[in-house]
Amino acid sequence: MGQKESIMKDMEVTLCSQKIKGLIGLIVFTSVQPEHQRIFQAWPQQPPEFRDVLIEYTEKLKELNEGIMKAMAKSLKLEEESFLKQCGDTNMFARFNYYPPCKRPESVLGLKSHADGSAMTLLLQDPNVEGLQILRDNNWFKVSIIPDALVVNVGDQMEMMSNGVFKSPIHRAVINSEKERLTIAMFCAPDVESEIGPVDELIDESRPKLYKTIKNYVKTYFQYYQQNKRAIDAVRV
Ligand SMILES: O=C(O)CCC(=O)C(=O)O
Ligand SMILES: [Fe+2]
């Protein structure tokens with residue numbers, strides 16, 4: 001066995017034993033919107049077209065996110081801009097998740113169970129390898145791959161704005177024993193200065209206000225995430 005091969009084996013053993021932390025190779029997690037928050041030095045320089053493709057992808061997904069949020073408002077008989085107005089300028093973050101294969105996939109998690117702290121997340125799945133699972137009634141359900149489709153995931157801040165009508169689901173990503181997996185999550189979040197909470201029209205005697213109205217939920221979210229707790233529980237009334 002050559003030296004390189006033995007180092008790879010050691011790494012695999014080490015990674016697989018990190019049961020709690022999860023096995024994930026994060027390639028990039030970067031702010032893509034608004035434009036002035038793009039730090040190009042932190043973006044991969046290769047392939048050369050990476051920057052232009054990510055910018056174009058961001059623009060397309062910004063439009064898509066706005067369309068979806070309008071449709072969601074209309075479906076609740078709200079004025080279509082209700083959620084968007086509350087969010088202000090959309091902040092977007094792209095996260096490239098790389099999951100290496102692991103021979104003992106049952107003993108590691110790719111991404112631990114969590115709900116997203118965004119308002120909405122648009123997830124581009126790996127076209128060949130499944131891994132995303134959603135928790136419902138205490139059972140994990142796999143999300144099948146639909147070619148060229150995006151998974152639209154409701155985040156905590158949409159749950160809050162809709163006063164709990166739209167639920168932010170708990171999900172996780174599992175590892176494949178043979179194949180690597182790559183996904184791109186685009187998190188769409190409100191401006192940090194925007195006050196986020198249930199819209200007035202969704203509060204009445206039969207459905208009182210279920211969440212507090214707060215600014216910069218994402219900050220609270222990450223504090224709780226580190227402690228394996230759900231931040232949304234901290235903003236329930
Ligand atoms: O890679 C996946 O399938 C899930 C990614 C995810 O949930 C996230 O990045 O928040
Ligand atoms: Fe997620």
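Which side chain has an N or O atom 2.8 Å from an oxygen atom of ligand 1? That is T183. Before going on, a reminder that this is a predicted model, and every value I quote is computed from it.

I'll stay with the ligand for a while. Two further side chains make contacts of this kind. Y99 places a polar side-chain atom 2.6 Å from an oxygen of ligand 1. For R95, the distance between an N or O atom of its side chain and a ligand oxygen is 2.9 Å. As for exposure, ligand 1 on its own would show 290 Å², and the protein buries 99% of this. The space that ligand 1 takes up is the largest cavity.

Next, the shell. Ligand 1 has 13 residues around it. The closest of them are R95, Y99, H171, R181 and T183, so three of the names you have just heard come back here, namely R95, Y99 and T183. By class, the shell consists of six nonpolar, four polar and three charged residues. Where do they come from in the fold? The elements giving two or more residues to the shell are β2, residues 91-99, β3, residues 111-114, and β9, residues 181-189. Of these, β9 supplies the largest share, with four residues.

Now the annotations. Both come from an unreviewed UniProt entry. The record lists "domain: Fe2OG dioxygenase" at residues 90-190. In the model, that stretch is 44% strand and 6% helix, and its end C-alpha atoms are 5 Å apart. The other feature in the record is "coiled-coil region", at residues 54-81. There the chain is 79% helix and 0% strand, with 26 Å between the end C-alpha atoms.

Last, some backbone details to look at on the screen. Which loop holds P34? It is the one between β1, residues 25-33, and α2, residues 50-75. The peptide bond from Q33 to P34 is cis, with omega near 5°. P47 also has its place in the loop between β1 and α2, and a cis peptide bond joins Q46 to P47, with omega about -10°. Further along the chain, N216 has a positive phi, near 50°, and N216 is not a glycine. N216 is found in the loop between β9 and α5, the latter being residues 217-226.

To go back to the start: the ligand oxygens have polar side-chain atoms of T183 at 2.8 Å, Y99 at 2.6 Å and R95 at 2.9 Å, and the protein buries 99% of the area that ligand 1 exposes when taken alone.

Methods: Residues are numbered from 1 along each chain as its sequence is written. Chains are lettered from A and ligands numbered from 1 in the order in which they are written. This is a predicted model: local features need pLDDT of at least 70, side-chain atom pairs count only at pLDDT 80 or more; totals for chains, interfaces and linings use all residues. Side-chain values use heavy atoms; hydrogens and water are left out. A residue is near a molecule or strand if one of its heavy atoms lies within 4 Å of it. A polar contact is a pair of N or O atoms within 3.5 Å; within protein, one must be able to donate a hydrogen and the other to accept it, and residues adjacent in sequence count only if both atoms are side-chain atoms. Accessible areas come from the Shrake-Rupley method with a 1.4 Å probe; for residues, only the protein chains shown count as cover. On a 1 Å grid over the protein atoms alone, a cavity is a set of points where a 1.4 Å probe fits but cannot get out, and a pocket is an open set with protein on both sides within 12 Å along at least five of seven lines; lining residues have an atom within 4 Å of a point. A molecule sits in a cavity or pocket if more than half of its atoms lie within 2 Å of its grid points. Ala, Val, Leu, Ile, Met, Phe, Trp, Tyr, Cys and Pro count as nonpolar, Asp, Glu, Lys and Arg as charged, and the others, Gly among them, as polar. UniProt positions are given in the numbering used here, feature names are shortened, and annotations may be inferred rather than shown by experiment.
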